[in-house]
Amino acid sequence: MDTTLEIIGYLRSDIKTRDNAPKQGSEGGIEAIVEINEKYKDALEGLKTGDEILLFSWLHKADRSYQKVHPRGDESRPKRGVFSTRSPDRPNPIGLHPVTITAIDGCKIKVRPMEAIDGTPLVDIKNAQRKK
């Protein structure tokens, strides 16, 4: 069984630190660029402006030692297991970002609303629209 995680690109945004990042894209996310590695260019075929997609990232600044956190970082709330939260600090820090494509130029996809910090590795893209 192959368990290798392949980085397919990187997220580029004006958000430079975790402290400046919104908790969710819907809470102040910005327009950002998804830069896909050239070797995955063919995998972008079929994506178009206006598509709703799910970006899966590797939250590279996360602390992987946490098993319990205060929800949303609010210390007035009791700690809960990370699997019951959206905390980036978790054993496998995979980020999920529902976004809409606003433009595509080759291997660069402009999306919004993005809450990830600049340089976050991207591991997958999935179309979020359900076919009827």
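1. Surface first. In this predicted model, the accessible surface of the chain comes to about 8,600 Å². Carbon and sulfur atoms own 47% of that area. On the burial side, 36% of the 132 residues count as buried.

2. Overall fold content. You'll find eight strands and zero helices here, so the element string reads β-β-β-β-β-β-β-β from the N terminus on. The radius of gyration is 15 Å, close to the 14 Å that the globule rule gives for 132 residues, so the chain is as compact as a globular protein of that length. If you're setting up a box, the C-alpha atoms fill roughly 45 × 40 × 35 Å along the principal axes.

3. Contact range. Take the contacts in the chain with a separation of 6 or more: 75% of them come from residues 24 or more positions apart.

4. The core. The largest nonpolar core has 18 residues, and I36, L55, I109, V111 and I125 are the ones with the most contacts inside it. Strand 2 (30-36), strand 3 (52-58), strand 6, strand 7 and strand 8 (120-127) each give two or more residues to this core. As a general matter, nonpolar side chains in soluble globular proteins tend to be buried together.

5. I125 up close. Leaving out residues up to four places away in sequence, I125 touches I8, I36, L44, L47, I53, L54, L55 and I109. I36, L55 and I109 also turn up among the core residues with the most contacts.

6. The cis proline. Worth checking in your topology: the peptide bond from R112 to P113 is cis, with omega near -5°. P113 lies in strand 7, which spans residues 108-114.

7. T100. This residue is found in strand 6. Buried or exposed, where does T100 fall? T100 is partly exposed, because its relative accessible area is 29%, between the 20% and 50% cut-offs. Its contacts, again without residues up to four places away in sequence, are G50, D51, E52, K110, V111 and R112. V111 is one of the core residues listed above, and R112 is on one side of the cis bond. By contrast, T100 and L122 are 22 residues apart in sequence and 16 Å apart in space, C-alpha to C-alpha.

8. S87. Look in the loop between strand 5 (80-81) and strand 6 (94-105) for this one. S87 counts as buried because its relative accessible area is 13%, under the 20% cut-off. What does its side chain reach? The S87 side chain reaches the backbone nitrogen of D89, at 3.1 Å.

Note on methods
Residues are numbered from 1 along each chain as its sequence is written. This is a predicted model: local features need pLDDT of at least 70, side-chain atom pairs count only at pLDDT 80 or more; totals for chains, interfaces and linings use all residues. Side-chain values use heavy atoms; hydrogens and water are left out. Helices (H or I, at least four residues) and strands (E, at least two) are DSSP runs, numbered from the N terminus. Buried means under 20% relative accessible area, exposed over 50%, partly exposed in between (1.4 Å probe, protein chains only). A polar contact is a pair of N or O atoms within 3.5 Å; within protein, one must be able to donate a hydrogen and the other to accept it, and residues adjacent in sequence count only if both atoms are side-chain atoms. A nonpolar core is a set of buried Ala, Val, Leu, Ile, Met, Phe, Trp, Tyr and Cys residues joined through side-chain atoms within 4.5 Å. Contact means heavy atoms within 4.5 Å. The radius of gyration is taken over C-alpha atoms; the globule rule is 2.2 Å times the number of residues to the power 0.38. Accessible areas come from the Shrake-Rupley method with a 1.4 Å probe; for residues, only the protein chains shown count as cover.
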